[in-house]
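Please look over the model shown here before reading the notes below, which take up its surface and its fold.

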Amino acid sequence: MSYAQDVDVLASHSMLLAIPAFVPALAVVGVIVGIAMRDRRAERREAEQSGSDAAVADPLDREENR
């Protein structure tokens, strides 16, 4: 396939036909990344809460051990 000089081919038909295959794949990747980020935030919150709970529970444990 040859093109005349000074002609810019912006997209061929095969590239346009590939769009329906890539859009759902990118959507799936976006959903997976979103779920992973949400889970990491939840784990971070749980770790902070358990850390603050441990700090509150620590003095009680120390008093009981005396």
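**Notes on the surface and fold**

1. Arg40, Arg41, Arg44 and Arg45 together form a positive surface patch, where a patch takes residues with over 30% relative accessible area and no salt bridge, like charges being joined within 9 Å and nonpolar side chains (Val, Leu, Ile, Met, Phe, Trp, Tyr) within 5 Å. A salt bridge here is a side-chain nitrogen of Lys or Arg within 4 Å of a carboxyl oxygen of Asp or Glu.

2. This is a predicted model, in which local features need pLDDT of at least 70 and side-chain atom pairs pLDDT 80 or more, while totals for chains, interfaces and linings use all residues. Residues are numbered from 1 along each chain, and side-chain values use heavy atoms, without hydrogens and water.

3. The protein has one helix and zero strands, and arginine 44 belongs to helix 1 (residues 13-65), helices being DSSP runs (H or I) of at least four residues and strands (E) of at least two.

4. Leu16, Ile19 and Val23 make a nonpolar surface patch of about 270 Å², and isoleucine 19 is also placed in helix 1. Isoleucine 19 counts as partly exposed because its relative accessibility is 43%, which falls between buried (under 20%) and exposed (over 50%), with a 1.4 Å probe and protein chains only.

Note on methods
Areas by Shrake-Rupley, 256 points an atom, 1.4 Å probe, with all protein chains shown as cover. Lys, Arg positive; Asp, Glu negative; His and termini not counted. Charge placed at Lys NZ, Arg CZ, Asp CG, Glu CD.
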